[in-house]
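Dear colleague,

Please find below the structure that I am handing over to you. My notes on what was found in it follow directly after.

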Amino acid sequence: MSTEKKSRYRNLIILYVLYIVFWFILSAIMKAIIFPEGTPKALIQFIPVDDVLAELVLVFLVLIPISGIIGVLLGGYILSPIIMILHKFFYRTKKFYGIQFESEDKKFSLLKSGFYPVLMAVNLSFIFLTPEIISSILGPDLTNEIAFSSGIPVFFRVLSQAILLIFIFGASTVLFSPVWLLRDSGIVFTTKYKVENSNETLLIKSIGEWFQTLLKGYAGIGVLLTYIFVIYDFVILFIDNLGDPRNLLNIPSLFLWLGLPFYLIFSMIPAVIVHDALRKRRLSYVRKIANRIGIRDAAIVSFELRKQDERS
C-alpha cells in the first residue's frame with residue numbers, strides 16, 4: 001500500500017474516531033436533557049441492548065456503516081455492469097464509447113462523493129416515515145413511554161428514521177456506488193462522429209457522471225422539500241403547544257434531525273475505505289465486462305482552442 005493511501009486512510013479513520021466521540025457526547029447530552037429520569041428501554045428487538053440511546057449509538061456507528069459497505073459491494077459488482085450494458089444498448093447508434101486509461105490513483109473526496117447518497121437516504125427515509133411505520137418500528141411500549149415522559153414527537157422522527165436508515169442507507173449507496181466505480185473506470189461516451197457535420201454540441205461524458213446526473217437532482221431537490229415540510233410541521237406543533245414546558249425539548253430534537261445529513265456522511269467512511277481498497281480489482285472487473293460488450297478502444301480526449309477567423 002502506498003504512503004499516500006496510508007495517509008488517506010489514516011485521515012479518514014481519525015475522522016471516524018471523532019465521529020464516534022461525537023455520538024458518545026451527544027448521547028450523554030440527550031440523556032441529561034431529554035431523559036433526566038432514565039432512558040426508555042429497547043428501541044428495536046434485534047439489537048441486544050436494553051437502552052434506547054445506546055441502541056441509537058450502535059445504529060449510527062455500526063449498523064448504518066455496515067449497510068453502506070454492503071451497498072458499495074452490491075452496487076459496484078451488480079448494478080455497475082447493468083447500467084453500462086443498458087446505456088450501450090439504448091444509445092448504441094447515437095454514441096461512441098471508449099476507455100480513458102489513467103495510471104495514477106484518483107483521490108476520493110468524502111464530502112463530494114458521499115453527500116448525495118446521504119441526501120437521498122434522508123429523503124427516502126422521510127418518505128417512508130408514516131405514522132403507521134413509526135408505531136410499528138418503535139412499538140407501542142416505547143412510544144407510550146416517550147410520549148408520557150417527555151412529549152417530544154420530533155424525537156419520534158429521529159428514532160424512527162434511524163431504524164429506517166439501516167436499510168435505506170444501504171439502498172442509497174447501492175445506487176451511488178456505480179457512479180464512483182464507472183467514473184473511476186474511465187469509460188466515456190461521445191457524440192463526436194454524429195455531430196461532426198452538424199450544428200449540435202459535442203458531448204464527451206463518463207457513464208458514471210451521466211448516471212450521477214440522474215440521481216443528483218432527485219436527491220438534492222427531494223431533501224430540500226423534505227426540510228421545508230418538517231420545519232413547517234415543527235413550527236405549527238410548537239405554536240399549538242406554547243406554554244407546555246415539555247415543548248421546549250422539541251428544539252434540540254429538531255436540531256438533531258436537521259443535522260442528520262451533515263453527520264450521517266461520516267457513516268460513509270467505512271464504505272469509502274472499502275471502495276478505495278478494492279478499487280483496482282473492481283476496475284478490472286468493470287473493464288472486462290466493457291470489453292465483452294464491445295467497449296475496448298482507448299479514449300484520448302484533447303481540447304484545443306483556435307482563434308476565430310475574423311471574417312466569419
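**The sheet**

Strand β2 (residues 187-190) and β3 are joined by 3 bridges and run antiparallel. The model is a predicted one, in which local features need pLDDT of at least 70, side-chain atom pairs count only at pLDDT 80 or more, and totals for chains, interfaces and linings use all residues. Residues are numbered from 1 along each chain as its sequence is written, and side-chain values use heavy atoms, with hydrogens and water left out.

Helices (H or I, at least four residues) and strands (E, at least two) are DSSP runs, numbered from the N terminus. Two strands pair if DSSP finds at least two bridges between them.

Between β2 and β3, Phe189 stands opposite Lys205. On the β1 side, 4 bridges join β1 to β2, again in an antiparallel run, and Ile99 stands opposite Ile187 of β2. The result is an open sheet of 3 strands in the order β1-β2-β3, with antiparallel pairing. Because β1 (96-99) and β3 (204-206) stand at the edges with a single partner strand each, one side of each is left without a neighbour in the sheet. On average, neighbouring strands of this sheet are turned by 30 degrees against each other, direction ignored; the axes behind this angle are lines fitted to C-alpha atoms, for helices over the stretch in contact, and angles run from 0 to 180 degrees between N-to-C directions.

In a regular strand the side chains alternate between the two faces of the sheet. In β2, Ile187 and Phe189 point one way, Val188 and Thr190 point the other way, and all are buried (under 20% relative accessible area, whereas exposed means over 50% and partly exposed in between, with a 1.4 Å probe and protein chains only).

**The salt bridge**

The search of the whole structure finds 1 salt bridge (a side-chain nitrogen of Lys or Arg within 4 Å of a carboxyl oxygen of Asp or Glu). In this salt bridge the side chains of Arg279 and Asp184 meet at 3.7 Å, N to O. Arg279 belongs to helix α12 (residues 279-292) and Asp184 to helix α6 (residues 153-185), so the pair ties together parts that are 95 residues apart in sequence. Arg279 counts as buried at 7% relative accessibility, and Asp184 likewise counts as buried at 12%.

**Aromatic residues**

There are 11 aromatic pairs in the whole structure (rings of Phe, Tyr and Trp, its six-membered ring, with centres within 6.5 Å; planes under 30 degrees apart count as stacked, over 60 as edge-to-face and the rest as tilted). One of them, Phe115 with Phe262, is tilted, at 6.0 Å centre to centre and 40 degrees between the planes. This pair links distant parts of the chain, with Phe115 in helix α3 (residues 110-127) and Phe262 in helix α10 (residues 260-264), 147 residues apart. Phe115 is partly exposed, at a relative accessible area of 24%, while Phe262 is exposed at 54%.

One aromatic cluster is formed by Tyr16, Tyr19, Phe22, Trp23, Phe60, Tyr263 and Phe266. Tyr263 is placed in helix α10 and counts as buried at 10% relative accessibility. The C-alpha atoms of Tyr263 and Val118 are separated by 9.6 Å, although these residues are 145 residues apart along the chain.

**One residue of helix α2**

Leu86 has its place in helix α2 (residues 52-91). At 42% relative accessibility, Leu86 counts as partly exposed.

Yours sincerely
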